[in-house]
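Visitor: I am new to this structure and would like to learn how its descriptions are justified. Could you take me through them step by step?

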Amino acid sequence: MSEDKTFLDLQKARRSVYALGRDVDMTDAQLEDLFKETIKETPSAFNSQTVRAVFAFGDQQDALWDMIIERMRQVVGDPEAFKKTEAKLNGFKKAYGTVLLYTDTDAVKELEENNPAYAQNFYDWSEQTIGISSYALWLAAREHNLGGNLQHYNPVIDEDIKAAYGIPDSWRLRAQFVFGSIEQPAGAKDYIDDDVRFKSLN
Ligand SMILES: Cc1cc2nc3c(=O)[nH]c(=O)nc-3n(C[C@H](O)[C@H](O)[C@H](O)COP(=O)(O)O)c2cc1C
């Protein structure tokens, strides 16, 4: 994205891009820095910073998605039915990398205990922060000419990933942000009528 683009332009350019590749100019260290900073700058209730993230690029991206493919093969069962799913999962594997987004449930529990008056809000707020972080990563990637999509193979894949990467028990997997070079842009998007969504009091 060039510098004279507005935030709204960036928002419009961010789409769910599924044809992703590895034609990426940034180094893994640059990408990791960008994503870490992006998550760190994401707001959270009481500045609770409940989001955790795990980064997988290159070979780790292959290993991660191979693991997901094998788990999903077990879940789907019927080899014929799995063909379509496998093709889709191999599409994610071809991307440059994945950011696994977690909520630290211990951090949420601590907030609930320390702030009983708001206890019932903290889990919802942690989910909102996952949403904001996902969107921020998506925009940050797009600003660097990378495409992305958001996946949710949790909770099916949680135990495999936990065992493979030593993820703490308190981390709950909430989303997988898959990113890479844009090999084919997203198609046109439908919008529901403004009349349905918005009311102006003016
Ligand atoms: C909370 C949330 C969950 C989503 N989950 C998935 C998902 O599991 N798989 C997927 O392919 N897309 C997922 N998406 C992407 C939406 O389908 C997509 O954003 C929507 O259709 C609008 O398209 P756009 O992203 O191109 O603007 C998710 C988006 C959000 C915000």
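**From values to words**

Guide: Let us start with Phe177, which lies in strand β5, a strand made of residues 171-184. Please keep in mind that this is a predicted model.

Visitor: Why is Phe177 called buried or exposed, whichever of the two applies?

Guide: The word buried is used for a relative accessible area under 20%. Phe177 has a relative accessible area of 0%, and therefore it is called buried. Not counting residues up to four places away in sequence, Phe177 touches Gly97, Thr98, Val99, Leu137, Trp138, Ala141, Gly148, Asn149 and Leu150.

Visitor: What is the word for Trp171, and what makes it fit?

Guide: Trp171 also has its place in strand β5. The label partly exposed covers values between the limit for buried, under 20%, and the limit for exposed, over 50%. Trp171 has a relative accessible area of 21%, so it is partly exposed. Leaving aside neighbours within four places in sequence, Trp171 is in contact with Arg52, Val54, Tyr102, Thr103 and Asp104.

Visitor: Which residues does Ala107 touch, once residues up to four places away in sequence are not counted?

Guide: They are Thr50 and Arg52, and Arg52 is also among the contacts of Trp171. Ala107 itself lies in helix α5, which is formed by residues 105-114. With a relative accessible area of 17%, Ala107 falls under the 20% limit and is therefore buried.

Visitor: How do you know which word suits Thr42?

Guide: The relative accessibility of Thr42 is 10%, which is under 20%, so Thr42 counts as buried. Its place is in the loop between α2 (28-40) and β2 (51-57). Apart from neighbours within four places in sequence, Thr42 is in contact with Thr129, Ile132, Ser133 and Ala136. The side chain of Thr42 also reaches the backbone oxygen of Thr38 at 2.9 Å, and a polar contact is a pair of N or O atoms within 3.5 Å.

Visitor: What makes Asn47 worth a separate remark?

Guide: Asn47 has a positive phi of about 50° although it is not a glycine. Most residues other than glycine have a negative phi. Asn47 is found in the loop between α2 and β2, and because its relative accessibility of 53% is over 50%, Asn47 counts as exposed.

Visitor: Where does Asn145 lie, and what phi does it have?

Guide: Asn145 lies in the loop between α6 and β4, just after α6, and takes a positive phi of about 60°.

Visitor: How does the reach of helix α6 compare with what is expected?

Guide: Helix α6 consists of residues 122-143, has 22 residues and reaches 31 Å from its first C-alpha to its last. This is close to the 32 Å expected at 1.5 Å a residue. The buried residues of α6 include Thr129, Ser133, Leu137, Trp138 and Ala141. Of these, Thr129 and Ser133 are among the contacts of Thr42, while Leu137, Trp138 and Ala141 are among those of Phe177.

Visitor: What makes the peptide bond from Asn154 to Pro155 cis?

Guide: Its omega is near 0°, and the bond is described as cis. Most peptide bonds are trans. Pro155 has its place in the loop between β4 (146-151) and α7 (158-165).

Visitor: Which residues surround the ligand?

Guide: The ligand is surrounded by Arg14, Arg15, Ser16, Tyr18, Trp138, Leu150, Gln151, His152 and Lys189. By class, this shell has 3 nonpolar, 3 polar and 3 charged residues.

Visitor: How do you know that Arg14, Tyr18 and His152 make polar contacts with the ligand?

Guide: The limit for such a pair of N or O atoms is 3.5 Å. An N or O atom in the side chain of Arg14 is 2.8 Å from an oxygen atom of the ligand, and a polar side-chain atom of Tyr18 lies 2.7 Å from a ligand oxygen atom. For His152, an N or O atom of the side chain is 3.0 Å from an oxygen atom of the ligand. The protein covers 53% of the 620 Å² of accessible area that the ligand has on its own.

Terms used: Residues are numbered from 1 along each chain as its sequence is written. This is a predicted model: local features need pLDDT of at least 70, side-chain atom pairs count only at pLDDT 80 or more; totals for chains, interfaces and linings use all residues. Side-chain values use heavy atoms; hydrogens and water are left out. Helices (H or I, at least four residues) and strands (E, at least two) are DSSP runs, numbered from the N terminus. The expected span of a helix is 1.5 Å times one less than its number of residues. Buried means under 20% relative accessible area, exposed over 50%, partly exposed in between (1.4 Å probe, protein chains only). A residue is near a molecule or strand if one of its heavy atoms lies within 4 Å of it. A polar contact is a pair of N or O atoms within 3.5 Å; within protein, one must be able to donate a hydrogen and the other to accept it, and residues adjacent in sequence count only if both atoms are side-chain atoms. Accessible areas come from the Shrake-Rupley method with a 1.4 Å probe; for residues, only the protein chains shown count as cover. Ala, Val, Leu, Ile, Met, Phe, Trp, Tyr, Cys and Pro count as nonpolar, Asp, Glu, Lys and Arg as charged, and the others, Gly among them, as polar. Contact means heavy atoms within 4.5 Å.
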